[in-house]
Amino acid sequence: MPVNVAGKQLSNGALAVAAGLIVGLVTTFLPWHSTTVPTAFGADSGSHDALGYWSGWIFFLAILVGIALFVMRTFMPQVSIPALPFTDAMIYLGVGVVMILCALLWLVTGGGYSSLYAVYSDLPGYSSGPSFGVFIGIIAAVAVAAGGYLMKSDPQPATRALGSYQTASNPPPVMPPPAPPPPAS
């Protein structure tokens, strides 16, 4: 059932994509890895967000691509986007899959921090591991991918043909027809 948002009718898939992209953007800056190291005066705690590791940066860039396409298609109809090689639904599905893979890679590798704190692992009271941000990021990524899948039945916005952006050029030279073969003797 379409929902009216700012004068635009958005399908359930578009709503899932929008919600997933917004939550994913916020999640990028939440703690994805937390560490507590015991000290002489108690414990010292810290956390790292997604941008502390290269897969978090790719996660963030995928979100920006998805947000840019969604905003331009939904709220800026006067801006003409050239014809894209894929439908919007396929692009959102791809953005969601890239987000999922990057978040899972971040989770598996510990964001590159697991070996950094290995020297403290024998201390009592030490803890280091994934935090809530990475799990919310995975849920947001699944929402984007599912929304992209649900949008496959939505009509694709009209775009300007790719050829209309090309400049006029001289036509190719006309080649004379090949000469007939010589007569058989």
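**Exercise 1. What covers the buried residues of α4?**

Work it out from the helix itself, keeping in mind that this is a predicted model.

*Step 1.* Find the helix. α4 covers residues 132–150, which makes 19 residues. From first C-alpha to last it reaches 27 Å, close to the 27 Å expected at 1.5 Å a residue.

*Step 2.* Pick out its buried residues. In α4 these are Gly133, Val134, Gly137, Ile138, Ala140, Ala141, Val144, Ala145, Gly147 and Gly148.

*Step 3.* Look at what lies over them. The cover includes α1 (12–27), α2 (54–75), α3 (88–109) and β5.

**Exercise 2. Lay out the chain from end to end.**

*Step 1.* Count the elements: the protein chain has 4 helices and 5 strands.

*Step 2.* Put them in order. Starting at the N terminus, you should read β-β-α-β-β-α-α-β-α.

*Step 3.* Now see how the chain meets itself. Take contacts between residues at least 6 apart in sequence: 74% of them join residues at least 24 apart.

*Step 4.* Finish with inside and outside. Of the 185 residues in the protein chain, 32% are buried. The chain exposes about 11300 Å², and carbon and sulfur atoms supply 71% of that area.

**Exercise 3. Build the three-stranded sheet, and explain why β4 and β5 each have a side without a neighbour.**

*Step 1.* Write down the strand order. It goes β4-β3-β5, in an open sheet with antiparallel pairing.

*Step 2.* Check the ends of that order. β4 (42–48) and β5 (127–130) are at the edges with a single partner strand each, so one side of each has no neighbour in the sheet. From one strand to the next, the twist averages 10°.

*Step 3.* Go through the β3–β4 pair. β3 is residues 33–39, and 7 bridges link this strand to β4 in the antiparallel sense. The two strands make a hairpin with 2 residues between them. Across the pair, Ser34 sits opposite Ser47, while Thr35 has Gly46 as its bridge partner.

*Step 4.* Turn to β5. This strand runs antiparallel to β3 and is joined to β3 by 4 bridges. Here Thr36 is partnered with Ser127.

**Exercise 4. Compare the spans of α1 and α2 with what you'd expect, then say what each helix packs against.**

*Step 1.* Start with α1. Its 16 residues should span 22 Å at 1.5 Å a residue, and the end C-alpha atoms are 22 Å apart, so the two agree.

*Step 2.* Do the same for α2. With 22 residues, 32 Å is the expected span; the end C-alpha atoms lie 31 Å apart, which agrees.

*Step 3.* List the buried residues. In α1 they are Gly13, Ala14, Val17, Ala18, Gly20, Leu21, Gly24 and Thr27. Those in α2 include Phe59, Phe60, Ala62, Ile63, Phe70 and Arg73.

*Step 4.* Name the partners. Buried residues of α1 pack against β2, α2, α3 and α4. For α2, the partners are β2 (8–10), α1, α3 and α4.

**Exercise 5. Which residues touch the most other members of the largest nonpolar core?**

*Step 1.* Get the general idea first. In soluble globular proteins, nonpolar side chains tend to be buried together.

*Step 2.* Look at this core, which holds 28 residues. Leu21, Trp32, Phe59, Phe70, Val95 and Met99 touch the most other members.

*Step 3.* Ask where the members come from. α1, α2, α3 and α4 each supply at least two, and α3 gives the largest share, with 9 residues.

*Step 4.* Zoom in on Val95. Beyond neighbours within four places in sequence, Val95 is in contact with Leu21, Ala62, Val65, Gly66 and Val144.

**Exercise 6. Is Thr28 buried or exposed?**

*Step 1.* Place the residue: Thr28 is in the loop between α1 and β3.

*Step 2.* Compare with the cut-off. Buried means under 20% relative accessible area. Thr28 has 0% relative accessibility and therefore counts as buried.

*Step 3.* See what surrounds the residue. Setting aside neighbours within four places in sequence, Thr28 contacts Asp49, Ala50, Leu51, Phe59, Phe60 and Ile63.

Methods. Residues numbered from 1 in each chain as written. Predicted model: local features only at pLDDT ≥ 70, side-chain atom pairs only at ≥ 80, totals over all residues. Heavy atoms only, no water. Pairing = 2+ DSSP bridges. Axes fitted to C-alpha atoms, helices over the stretch in contact; angles between N-to-C directions. Expected span 1.5 Å × (residues − 1). Buried < 20%, exposed > 50% of the residue type's maximum accessible area, 1.4 Å probe, protein only. Contact = heavy atoms within 4.5 Å. Core = buried A, V, L, I, M, F, W, Y, C linked by side-chain atoms within 4.5 Å. Areas by Shrake-Rupley, 256 points an atom, 1.4 Å probe, with all protein chains shown as cover.
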